[in-house]
Amino acid sequence: MAANVAKLARSESTVDRFSELSAKDPVDQCEFFLKSFIFALGDGWKDVPNLCTEYQKHAKATGPTDDSMNHIQAADFLQRHGKTRTGIQRKHEVADVDLNHDGQISFIEYLILHYKVMILKEYYARHEKEPEEDLSTDGVGVVDVGGKLVEELFTMPAGLSPQLEAALEAFAEDKKKREAKIKELTEKADKGGVKGMAAKQELRILESGDTTEMNRIELTLAAAKRKASKKSGADALQAERDKEEKAAKAEADAKKAKMKARMAMFGGGGPVAPKK
């Protein structure tokens, strides 16, 4: 009974944390996702910031805001990004990640849907279990896994160094500043006139320099990522076991040494001569 209550409390706490994360800027959600899955993503980590940009554009182009989508928008966005499903499969899978049941899909909710198979594989590897779901077809039709996805999202990987975290944070902060400036200039450019023309020119300069800045940040992040310890959950568990075995051996050796010293104190320590 007590264990069930504790588990429920942890679950409610996780949902609260997820709701708080979902309410943040999409770029902040992007940053958190990268921190959690930077090793699992491998070289594909750069796809996540690109998805963030495209998510915001699609949300704005098809709805009233650029920071969330309704279920129909999200299902369409999923299909446009290589996740082919039937209409009913998209409907159920999108609903499965709407964990706060507000009818909206935040970027982090979209990410745990888009990368569902990767996250579930990480989840089962950490728990040293075989997947209960069929993950062979890109997770098509797999639902009722929201709890597992969120649990793994909030489990930070072993080997996430302070340098790597700092690089990811700097990456996200720079992305937010650039996007805010681009949004400001785009609004000015849309108004036309002399100021609109000037804004267009500044926008072109900003966007042309954007690639250089992104490349610089990517190099910094890639360097930090290479230096970080790439330990999977299984590796971390094995390291912990090795540590425990080493401690047990050290304790056994200490006992032997203590026993040997005690025997020497009382004239022992060598073989006992047989009686004549």
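These legends walk through several close-up views of one predicted model. Residues count from 1 along each chain as its sequence is written, and side-chain values use heavy atoms, with hydrogens and water left out. Because the model is predicted, local features need pLDDT of at least 70 and side-chain atom pairs count only at pLDDT 80 or more, while totals for chains, interfaces and linings use all residues.

**View 1. The whole chain, helix by helix.** The chain has eleven helices and two strands. Both kinds of element are DSSP runs numbered from the N terminus: helices are H or I with at least four residues, strands are E with at least two. Going along the sequence, you meet them as α-α-α-β-α-α-β-α-α-α-α-α-α. Of the 276 residues, 34% count as buried (buried is under 20% relative accessible area, exposed is over 50%, partly exposed is in between, with a 1.4 Å probe and protein chains only). Take the contacts (heavy atoms within 4.5 Å) with a separation of 6 or more: residues 24 or more positions apart account for 69% of them.

**View 2. The largest nonpolar core and Leu41.** A nonpolar core is a set of buried Ala, Val, Leu, Ile, Met, Phe, Trp, Tyr and Cys residues joined through side-chain atoms within 4.5 Å. The largest one here has 52 residues, and Phe33, Leu41 and Tyr115 touch the most other members. Helix α2 (residues 26–41) gives the most to this core, with eight residues. Zoom in on Leu41 and skip its neighbours within four places in sequence: Leu41 is in contact with Phe33, Leu34, Val48, Tyr115 and Met118.

**View 3. Lys35, a buried lysine in helix α2.** Lys35 sits in α2, and its relative accessible area is 11%, so Lys35 is buried. What does Lys35 touch, not counting residues up to four places away in sequence? The list is Met156, Pro157, Leu160, Glu165, Leu168 and Glu169. With Leu168, the C-alpha to C-alpha gap is 7.2 Å in space, although the two are 133 residues apart in sequence.

**View 4. Helix α7 meets helix α8.** Helix α7 (residues 116–126) packs against α8 (residues 146–153) at an angle of about 75°, with axes 9 Å apart. Axes are lines fitted to C-alpha atoms, for helices over the stretch in contact, and angles run from 0 to 180 degrees between N-to-C directions. So α7 is roughly perpendicular to α8 (65 to 115 degrees; under 35 is roughly parallel, over 145 roughly antiparallel, the rest oblique). On the α7 side, the contact includes Lys116 and Tyr123, and on the α8 side Lys148 and Leu149 are among the residues. The contact residues split into five nonpolar, no polar and six charged (nonpolar: Ala, Val, Leu, Ile, Met, Phe, Trp, Tyr, Cys and Pro; charged: Asp, Glu, Lys and Arg; polar: the others, Gly among them). The buried residues of α7 also pack against α2, α5 (87–97) and α6 (107–114).

**View 5. Two positive phi values in one loop.** Glu128, just after α7, lies in the loop between α7 and α8. Its phi is near 55°, a positive value in a residue other than glycine. Asp138 is in the loop between α7 and α8 too, with a positive phi of about 60°. Glu128 is partly exposed at 49% relative accessibility, and Asp138 is partly exposed at 33%.
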